[in-house]
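Colleague: I would like to go through one part of this model slowly, with the terms spelled out as we meet them. Please take the piece I ask about and then place it in its wider setting.

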Amino acid sequence: MNGSPERLAELLASYRRTHYGVALPGGVSATLRIGTPTPRPVATWIGVDGFAVYLTACNPHSEPLPAAENEARLAELRQRLRAGGARWLEGSGAIPGAPWCETSLLATSLPLARLDALARDFRQNACVHLRAGAPSRLRLYRPDWRGRLEPADDLEWGDD
């Protein structure tokens with residue numbers, strides 16, 4: 001990734017503009033947005049777990065990969081979630097009016113540290129951290145970004 005301040009600002013702006021869609025049981029869908037409260041149907045699905053993470057295995061460090069490679073990475077992420085006993089829902093992140101769309105998963109029932117490890121294993125810059133009754137936040141995994149970003153209410157750091 002081009003580590004320029006401009007590229008970093010562009011990535012964060014893109015993450016903040018993204019609509020993170022999720023397919024809930026019963027044909028219900030919801031949209032997650034950074035800085036907004038978790039929608040009630042999603043909070044209900046999260047339930048006693050108390051939090052969920054919206055993550056992907058696609059396009060490590062926001063560098064595009066071929067579709068077949070992204071699908072193989074997603075299959076591995078699903079397998080690892082399954083093996084860990086996680087619950088997850090299918091989703092897709094997109095910026096309205098833009099051609100980009102990325103398959104993602106809303107996962108819970110694992111410790112946050114384990115979900116952080118998966119995000120790092122798949123070389124993700126960030127994921128979306130949801131807690132019932134709280135605004136969604138970007139959870140960052142790039143130690144090289146520390147000190148380069150101003151603190152913000154919608155940003156948090158994954159343990160590194």
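Which residues are buried in helix H4 (residues 112-121)?

Modeller: Before I answer, please note that this is a predicted model, in which local features need pLDDT of at least 70 and side-chain atom pairs count only at pLDDT 80 or more, while totals for chains, interfaces and linings use all residues. Residues are numbered from 1 along each chain as its sequence is written, and side-chain values use heavy atoms, with hydrogens and water left out.

In helix H4 the buried residues are Leu-115, Asp-116, Ala-117, Leu-118 and Ala-119, where buried means under 20% relative accessible area, exposed over 50% and partly exposed in between, computed with a 1.4 Å probe and the protein chains only. Helices and strands here are DSSP runs, the helices being H or I with at least four residues and the strands E with at least two, numbered from the N terminus. The cover over the buried residues of H4 includes strand E3, helix H3 (67-84), strand E5 (101-108) and strand E7 (137-140), a contact being heavy atoms within 4.5 Å.

Ala-113 also belongs to helix H4, but this residue counts as exposed because its relative accessibility is 52%. Between the C-alpha atoms of Ala-113 and Glu-10, which are 103 residues apart along the chain, the separation is 27 Å. After H4 comes Arg-123, with a positive phi near 55 degrees.

On the other side of the helix, the loop between E5 and H4 holds Ser-109, which is not a glycine and yet has a positive phi of about 75 degrees. Ser-109 has a relative accessible area of 27%, so this residue is partly exposed. A further positive phi, near 45 degrees, belongs to Asn-59, again a residue other than glycine, and Asn-59 sits in the loop between E3 and H3, two elements that are among the cover of H4. Asn-59 counts as buried because its relative accessibility is 14%.

Strand E3 (residues 51-55) also takes part in an aromatic pair, for Tyr-54 lies in this strand and its partner Tyr-20 lies in strand E1 (residues 19-23), 34 residues away, which links distant parts of the chain. The structure holds one such pair, by the rule that rings of Phe, Tyr and Trp (its six-membered ring) pair if their centres lie within 6.5 Å, with planes under 30 degrees apart called stacked, over 60 edge-to-face and the rest tilted. The ring centres of Tyr-20 and Tyr-54 are 5.3 Å apart and the planes stand at 75 degrees, so this pair is edge-to-face. Tyr-20 and Tyr-54 are both buried.

As for the wider setting, the protein has four helices and eight strands, and from the N terminus these elements follow the order α-β-β-α-β-α-β-β-α-β-β-β. Of the 160 residues, 46% count as buried, and among contacts between residues at least 6 apart in sequence, 57% join residues at least 24 apart. Along its principal axes the C-alpha trace spans about 45 × 35 × 35 Å.
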